[in-house]
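Work through the following exercises with the sequence and the coordinates open beside you. Each begins with a task and continues with a solution in steps.

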Amino acid sequence: MRKVLASLSLLAAALIALALATDARVALWQAGPWQALLLAAGLALAWPDARRRAHPALALPALAMLALLPFAVLLRMHGYVDLVAVRYHLEAGITPMSLQVARNPLIVSLWAALSLLLAVHALGRLWGRPGAVALAAALVLGLVNPGLRAAATAAAVARDPLDLVARIADPPLPAAPAAPDAPHVVLIYLEGFERAFADRSRFGDAYAPLERLGEGGLVLTGIRQIQGTGWSAAGMTATQCGLPLVPRGALFHNMLIAEPAILPGHRCLGDLLATQGYEGTFVVGGEAIFAGISTFYKGHGGARIVELADLLDTMTPEEAEAAFPGWVVDDAAVFDAAREEFARGAATGRPQFLVVETFGPHGPDHLVSRPCTADGRAVVGDDPAAAAACLARLTEDFVRALPPLAGGRPLLVALLSDHLNHDRRLRRNEDARRNTAILIAPGLEPGTLTREGAMIDIYPTLLDLLGMGRADGRAGLGVSLLRQEPTLVEELGAERLDDRIRYDADLRQAIWREAPPP
């Protein structure tokens, strides 16, 4: 009876540990106390056997758990694992400050690993089969590892005859400088501000300011998140180069080391606008080196970078303390700096290419800026609705303040959620989630466009609005949503397209080619 009770307790504790490592819906505060109680009871009942030293075979589940640990942390943070994003960030680099966000998920995952290994050790010693139990645990951990499932899918993709490399289209360089009436181009990336926030039953009027702005532009309601576009840098390269941001190949960089160049062999929006004499500026409330973002802007048009350190330098110590809750300064500071940069640049007479990256309801943490808090201090919390409502209000104020500063030039403004939200609570119906995409441009008839597309289709659409589009309406892998030609999502379906982006080695090489076409 002792063995049976001990086995049931230890097995239950091991299963809860596995759930903590692989299912973000299992909360430590709910399951943790029960798991600790079961583990303690199981170890106490099995103690005459479990007190013996660990069998060498326990190294197998330990290694399997170590391989699973990064994915477990990501699951705890976001509710899913994007393998393309994982590999890219390992290559392109992350900042030490961004690792702070993973602290609590890492603690939970480490507890899951430790408790599972203790349960496996005790079960093996209890029944006198430590090697067999350890091997079985290692097999289970291997089967739930996303990397193993990815390898199986990659083998199937290799047999697919689809050639996406041949679909890559290079826009020509403009032959003349920008015309006197060429519009200023302003791209505003609203971090994680997907269209789900328009659901008033869940988020109230959080989306209302964006809806008001959309009344004067073209609202794109069918913009999916395909592979290679699910994080900030990837959302930017997709919308400015028409390409997903896939890993370059083997991990040739250590973490925290930035890529030397991002998509060096392709002409992106910044390149084309710089050729026409546009002045580029990128404003962000965090460290622009994150994931190679600053490298991207410097390498494609040579934009001026205004980032965390620059913004803090303009503040008094009291202002900085109120605006900087950790990791990033608030979006109010970002928009203030962007407004000043735009006014300064427009006053010179040169057309401006301004890119603004916010934070707001990014997820899993959410930033509420100073103008939206009772005490006038920015706060990072777990309320996506409050963060979204605040960011939308600040965005509307910023967009409406631009025309008087434009020096008589028209404006092309794009409001884009750079990616879907990272808060796992928004993952109710994954297939129905769509990015925010609102385009406001001279001569563009306001309305709503429901056709299916992806962030890569924003780039050729912007080129069409700027009069730079190719005859076939293509750029990168994108297709202009203002044309009749089908997008890749419409033609292939999201699932087939995602698999090609994940596992097509030829496509990866083409995306990372070293030189642009002649």
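Two strands count as paired if DSSP finds at least two bridges between them. The model used throughout is a predicted one.

**Exercise 1. Strand 10 and its partners**

Determine which strands pair with strand 10, and in which direction they run.

Step 1. Strand 2, which covers residues 218-220, is joined to strand 10 by two bridges, and the two run antiparallel. Within this pairing, V219 stands opposite I438 of strand 10.

Step 2. Strand 9, residues 411-416, is joined to strand 10 by four bridges, and this pair also runs antiparallel. Here L415 stands opposite I438.

Step 3. Now consider the two faces of strand 10, residues 437-440. In a regular strand the side chains alternate between the two faces of the sheet. A437 and L439 lie on one side and I438 and I440 on the other, and all of these residues are buried, so that both faces of strand 10 are covered.

**Exercise 2. The packing of helix 5 on helix 6**

Describe the geometry of the contact between helix 5 and helix 6, and then classify the residues that make it.

Step 1. Helix 5 (residues 103-126) packs against helix 6 (residues 130-143) at an angle of about 145°, while their axes are 7 Å apart. The crossing of helix 5 with helix 6 is right-handed.

Step 2. On the side of helix 5 the contact is formed by L116, V120, L123, G124 and R125, and on the side of helix 6 by P130, V133, A134, A137 and L141.

Step 3. Sorted by class, this contact comprises eight nonpolar residues, one polar residue and one charged residue.

**Exercise 3. Backbone features in loops**

Locate L263 and W327, state the sign of phi for each, and decide whether each is buried or partly exposed.

Step 1. L263 is found in the loop between helix 10 (232-241) and helix 11 (269-275). Although L263 is not a glycine, its phi is positive, at about 50°.

Step 2. W327 belongs to the loop between helix 14 (317-323) and helix 15 (331-347). W327, likewise not a glycine, has a positive phi of about 80°.

Step 3. Buried means under 20% relative accessible area. L263 has a relative accessible area of 0% and is therefore buried, whereas W327, at 22% relative accessibility, counts as partly exposed.

**Exercise 4. A cis peptide bond**

Identify the residues joined by the cis peptide bond with omega near 0°, and place the proline.

Step 1. The bond in question runs from G363 to P364.

Step 2. P364 lies in the loop between strand 6 (352-357) and strand 7 (366-368).

Conventions: Residues are numbered from 1 along each chain as its sequence is written. This is a predicted model: local features need pLDDT of at least 70, side-chain atom pairs count only at pLDDT 80 or more; totals for chains, interfaces and linings use all residues. Side-chain values use heavy atoms; hydrogens and water are left out. Buried means under 20% relative accessible area, exposed over 50%, partly exposed in between (1.4 Å probe, protein chains only). Axes are lines fitted to C-alpha atoms, for helices over the stretch in contact, and angles run from 0 to 180 degrees between N-to-C directions. A crossing is left-handed if the near helix is turned anticlockwise from the far one by less than a right angle, and right-handed if clockwise. Contact means heavy atoms within 4.5 Å. Ala, Val, Leu, Ile, Met, Phe, Trp, Tyr, Cys and Pro count as nonpolar, Asp, Glu, Lys and Arg as charged, and the others, Gly among them, as polar.
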